[in-house]
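Grab a viewer and a notepad. Below are some exercises on a two-chain model, each with a solution worked out step by step.

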Amino acid sequence: MVDFLGRMHILILHLPIGILLMVVILEWVHLIKEIKVPDSVFKVIYFVGAISAIFACITGNILAGGYDYTSAETNDHFWAGIVTALLASVTFLMSVSGLANFRKYASLVVAASIMVTGHLGGSLTHGEGFLNPGLIAYADEKPLEFEVQNVEQADIYHDIVSPLLDNKCVSCHGPNKIKGKLRMDTPEHLQENGKSGNELLTADGELIRRIELPMSHDKHMPPDTKSQLTEQQLKTLKWWIENGSAFDMKVNQIPDHEKMIPVMTKMIEESAQPVDDRKNIPANLPETEVAEADVEIINQLKRDKVVVLPAGEDSPFLEIDFVNIDSLTDDQIDLLAQIAPNIVHLKLSDTRNASKLFTIVENMSNLMKLYLDDTDLRSIDMGLLNKTGQLVYLNLSGTNIGDAQLQELQSHKQLERIYAYDTQATIDSLANGTIVFSGNFTLSMLPSDTIRL
Amino acid sequence: MKKIINEYKLKKSELNTRRLFLKTAGLSMGALALNTILPGCTQNTVSKAPIDLNPLSPRSPHFAAKAKSVIYIHMAGAPSQFELFENKPVLNQLNGQDCPPSLLEGKRFAFIRGVPKMLGSQAQFEQVGESGAWVSDRLPHFKQVADEVSFIRGLHTDQFNHAPAQIMMHTGSAIIGRPSLGSWATYGLGSVNQNLPGFVVLTSGGANPDAGKQVWGNGFLPSVYQGVHCRSNGDPVLFLNDPEEMPRNIRKKSIDAINDVNALTYEEFNDPETVARIAQYEMAYRMQMSVPEVMDISTEPEYIHELYGTQPGKESFANNALLARKLVEKGVRFIQLFDWGWDSHGVSRMGALELGFINKCRETDKPVAALLLDLKQRGLLDETLVIWGGEFGRTPMQENRNGVKQIYKGRDHHPSAFTIWMAGGGIKKGASYGETDEIGYDVVSEKSSIHDVHATILNQLGFDHEKFTFDFQGRPFRLTDVEGHVIKKIIA
C-alpha cells in the first residue's frame, strides 16, 4: 500500500502543475474587462492547488524511500517541492484573507517554483541533460576507444578498465542515470557498491556474477538489448578484479600480465573495428560508395518484367534477376549499362542472348555475383570479367565453357568460386586459387536403399 | 432481373449503416485534421516509384540477405534423435533399466504411464567428416554431406502433441491463427517469378501433416501469402485446368472480366483481400502454363534420377526433393516439404524403430543428401537455406502405452530436447550448437527455442525479426512474438 502511494506521486505531481499554472493565466486574463472570474472560484482553485501540492510532497517522499535513488540526488527536488507546497498554501491564505491584491504576483512566484521543482524531478527520471539531446546521445553510446600505445606500460584502470566500463556500463550507471544506486564512472563510486549491498569488485563479486548470468536471466548485465562483452573484455575485467582491482597500477605490475597482454591486445585491436553484434548485418556488399541509381531506369526495367531490387532497405546497390525473361534485348543492355556501378548481383540464368552482357560487363565495377548458368554463351571474351574487380562468384553451369576460357580468369584477384557443372571444364582450380566446381556428384546405390522391412 | 437489381440495392443500403457512416466520417475528420497539422508531409514527399498494388511484387528485406530461398524439410511425426544424430553411450548402458523417478516427477507424457524402461539407441553411430559429427548407420548417404550442415542439438518446444507442436514449429504459436514461416517470408519478399507462387508446399508419405493446412496458412496476413499445396502425382495443383472444351483465350477473357469487377470493388472499399483475389486469379491463369512445366521431373537427365532415386509419376519424398531444387532454380522463395510417417511409438510395424522407422530413413536419406549435393554443384547451396527437423524429439525411455510393454521398440513424444540441422544460406559448415545431458533428456547448455530458429531463418533471409511486423487487431505482430535470439554461433 505504501509502495502504491509512492508510485501515485507520478500521477499526483501533475495536478499542482496544471492547476497552479492555470490559475496564473486566470489571474492575468482576469485583468481584461470582458473576462470575469468570481473570487470564490480563485479560492477554490488555490485551495485545490495547495492541497495537491502537499499530497505530491507526501507521496514523493514515500517514493524516494522505496526507490533506487540516493538522498543526495533527490535532495534538491525534495526541498523545492516543499517550498512549492508552502508557497501555494501561503497564496491560498492570501486569497481568503485581505491580501487578495498581491495574489497575482504571488502566483507568479508559485509558478516559477513549480517549474524548478518539475525540472529537478524530470532530471531524476529521465537523467540529467535530457533537454540536451546532443548530450544524451553521448551518454547512451560512448564509443569504445582505447588510447594505448604500449599495453605493458598502460595504466590498468585509466587506460584499460575505465574506457571499457564507460562503453558498457556508464550509460546506465553514471551521472545521467543511476540504476540500482550504482555509479561506475569513477574509482570512488566503484568502491561504493550498489543497491544490493554486495561487494562489486571481488572475485565472486556482483560485477562478474551479473555478467556471467545467462542472457535469459533478468539480472544479467548488460541487459540483453545492449551490446554484450566480448570474451577478451570479460577476461580482462576478471583478471583485473581477481588481482585486487587496482586503480593506480601499470599492467606490468599485476601478476600474470604476460598471459593477459595478448588478450588485451586483441581487445584493443577489435575495438578499432567495432562489430555491431546486435544487428548482425551480413557484410556482403562492396565497401565502395555509389550514387543512387536513376529511378526512371529501374522503372523501365521493371516494366519489362526484370526484377530489380535494392540489396537491402535503402541500399544503393541493386540485385537484378531475369527470371521472368526469356531473352536479353539490346534495350535492356542499354538500361543495365546506365546503372552498371550499382549492380552487385546479376542473375541471367536460363536467358538467351546472354553473350550481349559482355559488351558492358567491364563497367560493372561492384558486381559480386554473376549467374550465367544455362545460357547460350558464344564467342565471348571471358577476360573482360577481370575488370569486374569485386566479382567473387561466377556461375557458368550448363554452358559450353571450357578450360581455356576459364584460364583467362587466372589473374582475377577477388574471384573465389566458379561453378562449371555440366560444362567441358576439367580443371578444379585456377592459378590465383579460384576454385572451379565441376560437381557431378553421385551417391552410390546401396543394397539397403530399396529393401523394405 | 428485377430481383437481382433489388438485391443489389439492398446490399448497397446495408453498407450505408450508421456504423459505417461514423467510421468513415471519423476517419475523414481525422485525415482533415492531420492535413492541416502536417502541411508539407503529403505534398513534398511524393514517391517516385509507381504505386504497386500487386501483393506479390518482389521486395527487398531489411539488409542484404545471405539466403534467397528456403527449403524446409519437415519429417512429420517427429523422428527419433537417438537413432539419427544423438550418440548417448550412457543411455545404451542403461538400456532395459527402470527409468529413475527423478526424470518422471512433474512431467507429463503423451502415452508413457507408470515407470517406463530406458531404451538405448537402436542404431550404430560413427563420427564422420572433418567436423566429426555423430551420424548413425540409418543415414549412410547423409554421412557424405554431414560437413555441409550445422546441428542445433539443444532445441526445445512446449508442445507434446503433433498438431500443436507442428503449428508451433511453423507459426511460432501452438494456437492456430498465426501466419506460417513461409507466409511471413512471402509477405516480406514477394515472389520474383511472376508465374509461380512464392511459397510452395509438397507433401509425401501418404498423408498430410496432422496439423493440416495451418502449417502453411497465412493466418492474419492477406491470403495471397499462404502456401500453395502442389501434388506430385496427377495434376500438380487441383482445379487449375480449364473446363473441357474451353479455349484458353476465352478463359483469359473471363478472368479479365472478373478482375475488372474486382478492381471496381477495390476502388470502392479498399479491402486488400480484393487485391489478393485479383492477384490469385492472374497467378492461377499463368500457373496453368508454368506449373505443369516446372513440376514435370521426367525431363531431368538419368544421372539426376539416379542421384535422388526418383521415379517420375510416383508420390515420393525423392520426387519432392528434386522438385524443390527445380523450384529454387525458378526463384520460388519458400518450399516446404512434409514427409509423413515418423511417429515411432512402437505400437505397430510401421511405427517400430526396428522396422518402419528404418524404411522412412531409407526413403529419405538419399534424396536429402542428393538435394544438398545437387544444390551445391549448381552453385545454389550458398543462397538456399535448407532446414531439416521434426516438431519435437523422442524420449530416451521406451514407450509403455497404458503401462504395458510394447512388442515393438518405440519412443514417446519428448518436447524438452531435440535436434534439427540447417545447411547452406550463409550457415556455417560443420558447426554444432547446444548440448544435452548424457541420456539426451534435457538441454544442459546452449538451449534454443523455436523462436530462436525462426529469428535465425529470418536473419538469413535479410530480416531483423524484431522489426519485421504486421499490424493486426491494433498491434504489430511478429513471427517471434516477443522472443527469439539469432543463433549466431551457426552463422558463417
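**Exercise 1. Work out what share of the contacts in chain A with a separation of 6 or more comes from residues 24 or more positions apart, then do the same for chain B.**

Solution. Keep in mind that this is a predicted model.
- Step 1: in chain A, residues 24 or more positions apart supply 59% of those contacts.
- Step 2: run the count on chain B and you get 76%.
- Step 3: add burial. Chain A has 453 residues, and 32% of them count as buried; for the 492 residues of chain B, the figure is 52%.
- Step 4: add secondary structure. Chain A comes to 15 helices and seven strands, while chain B comes to twelve helices and 17 strands.

**Exercise 2. Describe the side of chain B that touches chain A, and find the element that gives the largest share of it.**

Solution.
- Step 1: count residues. Chain B puts 36 residues into the contact and chain A puts in 35.
- Step 2: sort the chain B side by element. Helix α11 of chain B (residues 356–377) gives the largest share, with eight residues.
- Step 3: sort that side by chemistry. You end up with 15 nonpolar, 13 polar and eight charged residues.

**Exercise 3. Check the length, the bend and the burial of α11(B).**

Solution.
- Step 1: α11(B) runs for 22 residues, and its first and last C-alpha are 32 Å apart, close to the expected 32 Å.
- Step 2: look for a bend. There's a kink of about 30° at B:T364, shortly before the proline B:P367.
- Step 3: test burial, where the cut-off is 20 or more other C-beta atoms within 10 Å. In α11(B), 20 of the 22 residues pass as buried, so the helix is largely enclosed by the rest of the structure.
- Step 4: step past the end of the helix. Just after α11(B), B:G379 has a positive phi of about 75°.

**Exercise 4. Now give α10(B) the treatment: is it enclosed or open?**

Solution.
- Step 1: α10 of chain B covers residues 317–329, which makes 13 residues and an expected span of 18 Å; the end C-alpha atoms are 19 Å apart, so the two agree.
- Step 2: twelve of the 13 residues are buried, so α10(B) is largely enclosed by the rest of the structure.
- Step 3: read the names. The buried set isn't purely nonpolar: among them are B:A321, B:L322 and B:A324, but also B:N319, B:R325 and B:E329.
- Step 4: just after α10(B), B:G331 takes a positive phi of about 90°.

**Exercise 5. Find which residues of the largest nonpolar core touch the most other members.**

Solution. A reminder before you start: in soluble globular proteins, nonpolar side chains tend to be buried together.
- Step 1: the largest core has 170 residues, and those touching the most other members are A:L318, A:A420, B:A321, B:A324 and B:L372.
- Step 2: α11(B) supplies the largest share of this core, ten residues.
- Step 3: check the domains of chain B. Domain 2 (69–236 + 296–490) and domain 3 (246–294) both give residues to the core, so it lies between them.
- Step 4: don't miss the second, separate core of 19 residues, which includes A:F42, A:A85, A:A88 and A:V110.
- Step 5: zoom in on A:A420. Leaving out residues up to four places away in sequence, its contacts include A:L396, A:I401, A:V436 and A:F437.

**Exercise 6. Track down some unusual backbone geometry in chain A: which peptide bond is cis, at A:M221 and what partner?**

Solution. Most residues other than glycine have a negative phi, and most peptide bonds are trans.
- Step 1: the cis bond joins A:M221 to A:P222, with omega about -15°. A:P222 sits in the loop between α10 (206–212) and α11 (231–242) of chain A.
- Step 2: A:S245, not a glycine, has a positive phi of about 40°. It's in the loop between α11 and α12 of chain A.
- Step 3: A:K305 isn't a glycine either, and its phi is about 75°. Look for A:K305 in the loop between α13 (295–303) and β1 (307–310) of chain A.
- Step 4: compare surroundings. A:S245 has 21 other C-beta atoms within 10 Å, so it is buried; A:K305 has 11 C-beta neighbours inside 10 Å and counts as exposed.

Technical notes
Residues are numbered from 1 along each chain as its sequence is written. Chains are lettered from A and ligands numbered from 1 in the order in which they are written. This is a predicted model: local features need pLDDT of at least 70, side-chain atom pairs count only at pLDDT 80 or more; totals for chains, interfaces and linings use all residues. Two residues are in contact if their C-beta atoms, placed from the backbone, lie within 7 Å. Helices (H or I, at least four residues) and strands (E, at least two) are DSSP runs, numbered from the N terminus. Ala, Val, Leu, Ile, Met, Phe, Trp, Tyr, Cys and Pro count as nonpolar, Asp, Glu, Lys and Arg as charged, and the others, Gly among them, as polar. The expected span of a helix is 1.5 Å times one less than its number of residues. The bend at a residue is the angle between axes fitted to the seven residues ending there and the seven starting there. A nonpolar core is a set of buried Ala, Val, Leu, Ile, Met, Phe, Trp, Tyr and Cys residues joined through C-beta atoms within 7 Å. Domain bounds come from an automatic or database domain assignment.
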